[in-house]
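Work through the exercises below with the sequence and the 3D view side by side. Try each task before reading its solution.

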Amino acid sequence: MKPSRSNRPVVGIVGLGYMGLASGLGFAAHGYTVLGYDVKIEVRDSVRRGNAPYSEPGLQELLRRERSRERFRVVDSPEELVRAAEGIFLCVPTPSGRGGRIDLRPLLRCVAEVGEALRLAHGYRVVVVKSTVVPGTTEGVVAPALYRHSGRGRLELGVASNPEFLAEGSMVEDALRPDRVVVGASDVKTERWLRRLYQPFDAPIFGLTPAGAELVKYSSNAFLALKVSFANEISRLSDRLGANVDDVMEAVGRDPRIGLRFLHAGPGFGGSCFDKDLRALSSRARQLGIRLRSAEAALEINDDQLAYVLKLLRSVVGPLGGRRIALLGLSFKAGTDDTRESRALPIARYLVAEGATVRGHDPVALGNFRAAWRRMPHSGRGHLDLCRTVEEALTRADAAVVQVDWPVYLDWKRSWTERMARPLLVDLRRALRPSAARRAGLTVVGMGAGRLPGTTGGRVTS
Ligand code: UGA
């Protein structure tokens with residue numbers, strides 16, 4: 001392996017999940033030598049062979065490139081990683097525990113391993129918490145555990161929080177060109193070390209306390225989730241008023257104080273972050289005697305949105321028992337194979353419980369969905385089949401539901417409609433253009449498009 005460019009520290013990544021792998025490759029692309037370690041041997045083997053274990057645009061190509069440049073290498077133990085890496089980034093999951101509180105066990109196991117490994121290493125080291133942890137964790141929990149396990153003091157070991165803002169579907173881009181870098185270091189030397197490390201990224205760097213940096217991460221996600229929930233709430237009102245939520249939100253978002261992004265109404269937010277982070281933040285705030293009403297409202301609206309979607313399906317399709325429904329898009333959003341907290345799961349569960357046959361399709365997430373469905377309790381007279389092609393999913397369907405706006409569904413073919421028993425589509429993302437639907441002979445009901453039967457068309461009636 002090529003040595004790091006002169007004076008450039010070697011970077012170590014512990015945890016090669018979506019975020020760890022993309023972050024590590026980001027450092028490699030900016031010229032650092034990066035070592036990666038994951039407790040799961042199958043993940044190590046896959047990454048070592050140059051196969052990204054996740055479907056994420058550009059990830060595979062970047063991995064192959066940085067491997068061949070010998071900038072990114074997988075190691076088999078924390079000891080090996082810590083021996084060579086001066087900066088050690090902890091990128092392990094922090095799932096939801098009881099009552100929405102954060103479960104720190106995977107992180108603490110990793111901290112113990114890295115701490116013990118640090119006993120054997122020589123020279124200054126910086127351990128950086130990239131995992132999302134509730135404010136106060138880096139200083140109050142991680143740093144003391146690291147000092148204890150490593151036997152090191154502050155002079156030999158810097159500790160910092162450095163949250164990431166990578167969104168699935170654009171992780172590579174976000175890792176290569178972050179719009180900001182947030183650093184919460186335990187001391188000035190550590191902050192300086194991190195500022196220097198991030199210099200090649202050419203992004204504004206914000207130095208805060210560790211708790212401040214951790215709070216930036218949660219506040220960002222809470223605010224984004226609130227924007228989505230706001231748009232979702234307006235989508236329900238739009239349906240009643242005969243307005244199109246996209247037209248409304250575009251005109252609203254053109255105000256630069258509001259901004260256009262994250263105002264796209266849909267079936268409710270999913271993914272591994274928003275729900276978990278909002279619960280963790282509200283729960284931590286409650287412990288501190290503060291009610292975070294905005295985060296709680298975002299979560300409640302998200303639950304209401306799911307209930308609305310199910311009601312919409314029932315009212316548009318009619319009684320669901322014995323019906324055949326194509327569920328198009330199983331991931332939590334387009335551009336990823338991740339099905340964590342995907343709305344496709346409760347939608348499929350509901351349809352199956354009502355006695356429908358669900359024909360699920362997704363361009364990349366079939367495997368993850370199958371595994372998640374097996375883990376999920378479900379019962380009812382209906383059942384779920386997963387289909388490799390859109391055609392298969394649509395054959396003899398009484399209705400189709402677009403849950404994710406994957407590009408493949410936007411180019412709807414007339415032959416697809418012809419396979420269906422009824423040419424009816426419920427579009428939860430309003431992805432299909434009316435002209436494309438007309439050409440394909442398809443009747444589309446867009447959630448939030450304001451064209452539901454029985455709406456007032458915006459007129460005030462007495
Ligand atoms: C989110 C944040 O966007 C990232 O900045 C953050 O780093 C990441 O969480 C994290 O904490 O690790 P992600 O969960 O990958 O990223 O996905 P988002 O693009 O934020 O989407 C979340 C959910 O909101 C999806 O279900 C998406 O469909 C939904 N959404 C998003 C909408 O329904 N409408 C929108 O306008 C935007």
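**Exercise 1. Decide whether K276 is buried or exposed, and place it in the fold.**

Solution. Start with the cut-offs: buried is under 20% relative accessible area, exposed is over 50%, and partly exposed is in between (1.4 Å probe, protein chains only). K276 has 17% relative accessibility, so it counts as buried. Next, find its element. K276 sits in helix α11, residues 274–287. Helices are DSSP runs of H or I with at least four residues, strands are runs of E with at least two, and both are numbered from the N terminus. Last, list its partners, where contact means heavy atoms within 4.5 Å. Neighbours within four places in sequence aside, K276 touches T94, P95, S96 and T132.

Before going on, note the ground rules. This is a predicted model, in which local features need pLDDT of at least 70 and side-chain atom pairs count only at pLDDT 80 or more, while totals for chains, interfaces and linings use all residues. Residues are numbered from 1 along each chain as its sequence is written, and side-chain values use heavy atoms, with hydrogens and water left out.

**Exercise 2. Do the same for R396: is it buried or exposed?**

Solution. R396 has a relative accessible area of 53%, so it is exposed. Its place is the loop between α15 (390–394) and β12 (399–402). Setting aside neighbours within four places in sequence, R396 contacts R324, R419, M420 and A421. Now compare sequence with space. R396 and R254 are 142 residues apart in sequence. From C-alpha to C-alpha, R396 and R254 are 42 Å apart.

**Exercise 3. Find what phi D202 and F262 have, and where each residue lies.**

Solution. Take D202 first. Its phi is near 55°, a positive value in a residue other than glycine. D202 lies in the loop between α8 (188–197) and β8 (205–208). Its relative accessibility is 72%, so D202 counts as exposed. Turn to F262. The phi of F262 is near 65°, again positive in a residue other than glycine. F262 belongs to the loop between α10 (245–253) and α11. At 35% relative accessibility, F262 counts as partly exposed.

**Exercise 4. How many disulfides does the structure hold?**

Solution. A disulfide is a covalent bond between the sulfur atoms of two cysteines. The test is a pair of cysteine sulfur atoms within 2.5 Å. The structure holds 0 disulfides. Check C110: the nearest cysteine sulfur, that of C91, is 8.7 Å away. C110 is buried, because its relative accessibility is 6%. C387 is buried too, at 0%.

**Exercise 5. Describe the whole protein chain: what are its elements and its dimensions?**

Solution. Count the elements: the protein chain has 18 helices and 14 strands. Read the dimensions: the C-alpha trace spans about 75 × 50 × 40 Å along its principal axes. Test the globule rule, which is 2.2 Å times the number of residues to the power 0.38, with the radius of gyration taken over C-alpha atoms. For 462 residues, a compact globule would have a radius of gyration near 23 Å; the protein chain has 24 Å, which agrees. Then look at burial: 56% of the 462 residues count as buried. Finish with contacts. Among those with a separation of 6 or more, 74% join residues 24 or more positions apart.
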